[in-house]
Amino acid sequence: MNGRHLFLTSSGLSCEMKKMFFDIIGKRPEDVKVLCIPTAGIETDGAREGIAVCLHELSLMGIHYENILVYNLELLLSKDYKRTYSAYIKDPFPITRLLTVEEIGAFDAVFVSGGDSSILCREMVRTGFDEVIAKAITNGLVYVGISAGSMYAAGNLDEGLHIIDNPIIPHWNGTKTFELPYDRDEVKLIDGQAVYIEDDYIGLM
């Protein structure tokens, strides 16, 4: 699997998107490995419910629990911090340290869940995972953003990924958008919609 593939969704993958997701990866659901980043949604109970929904939906897709790594960036040390009393631990568990681009290469996709996009961005930058995930996407890791996860990959935040320059407005309750705006105008997505990116192609689903 080569090239960039991103689903920047309002509320998760639709049935059509799920089919495309598995076609891109080219594996049976039970063989797919997923990195799940819940960091945007762990500071309120309402947002935490979204994490439960995300994991439930992955299960319904046929992805096995043992193939999902829940990777909360708030557990990681800051990128410039030097270990003190834990320095004797030569091989920390993956959930407590920054994964390398090579280690992320063992996963087929990353799901970045909803919540507060500013918290997500803050933790991406603090830990240095922003650089790692940007390289992993270029190497072919499928990126699925849900609400805040989509906003982080789009043009909403100064230190976001800026895969597209347009800000994404998820959970839009107005008129459905049928085509992408010109220039850097907002992309308003109703639930069930997504911006799909494949290499240099950008389209609405």
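**Strand β4 has parallel neighbours on two sides.** Strand β2 (residues 34-37) pairs with β4 in the parallel sense, over four bridges. β4 itself covers residues 109-112, and with β5 (residues 142-146) the pairing is again parallel, over four bridges. Two strands count as paired if DSSP finds at least two bridges between them. Helices (H or I, at least four residues) and strands (E, at least two) are DSSP runs, numbered from the N terminus. What you are looking at is a predicted model, in which local features need pLDDT of at least 70 and side-chain atom pairs count only at pLDDT 80 or more, while totals for chains, interfaces and linings use all residues. Residues are numbered from 1 along each chain as its sequence is written, and side-chain values use heavy atoms, leaving out hydrogens and water.

**The whole sheet is open and has seven strands.** Reading across, you will meet the order β3-β2-β4-β5-β1-β8-β9, and the pairing is mixed. At the edges are β3 (68-70) and β9 (201-204), each of which pairs on one side only. Helix α1 (residues 15-25) lies across four strands of this sheet, namely β1 (5-9), β4, β5 and β8 (194-198).

**A close look at β4 shows who stands opposite whom.** At residue 109, the alanine of β4 stands opposite valine 142 in β5. Valine 112 has partners in two strands: isoleucine 37 is its bridge partner in β2, and glycine 145 stands opposite it in β5. In a regular strand, side chains alternate between the two faces of the sheet. Here Ala109 and Phe111 point one way from β4, Val110 and Val112 point the other way, and all four are buried. Buried means under 20% relative accessible area, exposed means over 50%, and partly exposed lies in between (1.4 Å probe, protein chains only).

**Helix α4 is mostly covered.** Eight of the eleven residues of α4 are buried. If you would like to find them one by one, they are Ser117, Ile119, Leu120, Cys121, Glu123, Met124, Val125 and Thr127. What do these buried residues pack against? Follow them outwards and you reach two strands, β2 and β4, and two helices, α5 (129-138) and α6. Just after α4 comes glycine 128, where phi is positive, near 85°.

**Serine 117 sits in α4 and is well covered.** The helix that holds serine 117 spans residues 117-127. Serine 117 counts as buried because its relative accessible area is 11%. Which residues does it touch, not counting those up to four places away in sequence? Look for Ala148, Met151 and Leu157 around serine 117; contact means heavy atoms within 4.5 Å.

**Methionine 20 looks out from helix α1.** This methionine belongs to α1, the helix that crosses β1, β4, β5 and β8. Is methionine 20 buried or partly exposed? Its relative accessibility is 26%, so methionine 20 counts as partly exposed. Leaving aside residues up to four places away in sequence, methionine 20 touches Phe7, Tyr196 and Met205. Of these contacts, Phe7 falls within the residue range of β1 and Tyr196 within that of β8.

**Serine 147 has a positive phi in a buried loop position.** Serine 147 is not a glycine, yet its phi is positive, about 55°. You will find serine 147 in the loop that runs between β5 and α6 (148-153). Is this serine buried or exposed? With a relative accessible area of 9%, serine 147 is buried.

**Histidine 171 has a positive phi in a partly exposed loop position.** Phi at histidine 171 is also positive, about 60°, although this residue is not a glycine. Its place is in the loop between two strands, β6 (168-169) and β7 (187-188). Histidine 171 reaches 43% relative accessibility, so it counts as partly exposed.

Methods: Axes are lines fitted to C-alpha atoms, for helices over the stretch in contact, and angles run from 0 to 180 degrees between N-to-C directions.
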